[in-house]
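I opened this notebook page to record what I looked up about aromatic rings and nonpolar surface. The entries follow the order in which I went through them.

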Amino acid sequence: MAAGGRVRPSDGEHRAGLLHGIAAYGMWGLVPLFWPLLEPSGAMEILAQRMVWSLAIVALALLVLRRWGWIRELVSSPRKLGLITVAAVTISVNWGLYIWSVNNGRVVEAALGYFINPLVTVAIGVLVLKERLRPAQWAAVGTGVAAVVVLTVGYGQPPWISLTLAFSFATYGLAKKKVNIGGLESLAAETAVLFLPAMGFLVWLAADGGLSFGAEGLGHAALLAATGLVTAVPLVCFGAAAIRVPLSTLGLLQYLAPVLQFLLGILYFKESMPAERWAGFALVWLALICLTWDALRTARRTRAQALRLAAAAKSRALAAPAEPAPAPQAAPEPDRACAAPRGPAEPAG
């Protein structure tokens, strides 16, 4: 048991949380291997199929868990419905562009977007939430801006894929923070918002003769249906990790996904990495090292301060003198008429 009566998670729980976190970010990091298997489906069809099948998988999970109480609260709050719609739109942009990038040989650019994402999240905190940055955070954001400039020179244009992925995911995270519902529930709500547009697009595609689902064989149809599992399973693992390990640990694990994507882009998909691109990535990594160091240092200081305050409160409680017991008062002289013994009570009535 920790100071102040807090119960620390057991080593087994912490280990399980760590494994779930590695599994979640590992699956997100290796997902570029999955999207090319869905060709000849285009990115828009894959996105629509992913929305439809994700809703089916998540609805089944919620049915098994009997977690439906959140729907009434969500439907009765126009503000939360608006935030869920914003989250649904931004994650659809993110998913669609990511799938297109992977299937068009731009895995390294997509990985860069998720490297930049923490820096964009910090910037949004300043611009939208009016947060005040510490000097190390300003240094990280400035280094990130320099990296974008270097990459713009290297690519001959701004890295729009990376920036769009970073800003869409950061906006998605902000909307989810504001709506404040669980991961499975949030995904169910987001895919429900997008279900009709996604299904409408698939119906239109089928009428136009361009739907690949069912036209490319049973195996291809099964892979398209598996997009629901590819979406939901990492999310479930992430949820299991989030309740078992500290946020600082999750903050470090989040870099596992873009690192794996970056390595796949270079080693498996054989994408080119000229010197100026390496320089841009090096600046991004330097910014992330600065940001992570500052976050860990701040978390350590906050924890140490909390322990000091708890110890000081305990010391004050032990040092406070005990209140003296009240002096016994003399009993009043009994009234002889009232003090006379009584006979048995008369029966009622």
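The entries below concern a predicted model, and they go from ring pairs to a charge over a ring and then to a surface patch.

**Entry 1: ring pairs.** I searched the whole structure for aromatic pairs, and the search returned 18 of them. I took W100 and W160 up in detail, and I noted a tilted pair with 6.3 Å centre to centre and 40 degrees between the planes. The label follows from the angle, because planes under 30 degrees apart would count as stacked and those over 60 as edge-to-face. I then looked up where the two rings sit: W100 belongs to helix α4 (residues 78-103) and W160 to helix α7 (residues 160-179), so this pair ties together parts that are 60 residues apart in sequence. For exposure, I wrote down a relative accessibility of 32% for W100, which counts as partly exposed, and a relative accessible area of 38% for W160, which is partly exposed as well.

**Entry 2: another pair.** I went on to F262 and W278, whose rings form an edge-to-face pair, with 5.7 Å centre to centre and 85 degrees between the planes. F262 lies in helix α12 (residues 256-268) and W278 in helix α13 (residues 275-319), and the pair links distant parts of the chain, 16 residues apart. Is F262 buried or exposed? I found F262 at 6% relative accessibility, and therefore buried, since the cut-off for that class is under 20%. W278, in contrast, is partly exposed at a relative accessible area of 38%. I also noted that F262 and W278 belong to a cluster, in which ring pairs link them with F115, F281 and W285.

**Entry 3: a charge over a ring.** I checked W95 and found that R50 lies over the face of its ring, at 3.9 Å from the ring centre.

**Entry 4: nonpolar surface.** Which residues make the nonpolar surface patch of about 670 Å²? I listed L60, L63, V64, L65, W68, I71 and V75 as its members. The elements that give two or more residues to this patch are α2 (43-65) and α3 (69-75), and α2 supplies the largest share, four residues. I picked L60 for a closer look: L60 is found in helix α2, and its relative accessibility is 51%, so L60 counts as exposed, the cut-off being over 50%.

Note on methods: Residues are numbered from 1 along each chain as its sequence is written. This is a predicted model: local features need pLDDT of at least 70, side-chain atom pairs count only at pLDDT 80 or more; totals for chains, interfaces and linings use all residues. Side-chain values use heavy atoms; hydrogens and water are left out. Rings of Phe, Tyr and Trp (its six-membered ring) pair if their centres lie within 6.5 Å; planes under 30 degrees apart count as stacked, over 60 as edge-to-face and the rest as tilted. Buried means under 20% relative accessible area, exposed over 50%, partly exposed in between (1.4 Å probe, protein chains only). A charge sits over a ring if NZ of Lys or CZ of Arg is within 6 Å of the ring centre and within 35 degrees of the ring normal. Patches are made of residues with over 30% relative accessible area and no salt bridge: like charges are joined within 9 Å, nonpolar side chains (Val, Leu, Ile, Met, Phe, Trp, Tyr) within 5 Å. Accessible areas come from the Shrake-Rupley method with a 1.4 Å probe; for residues, only the protein chains shown count as cover. A salt bridge is a side-chain nitrogen of Lys or Arg within 4 Å of a carboxyl oxygen of Asp or Glu.
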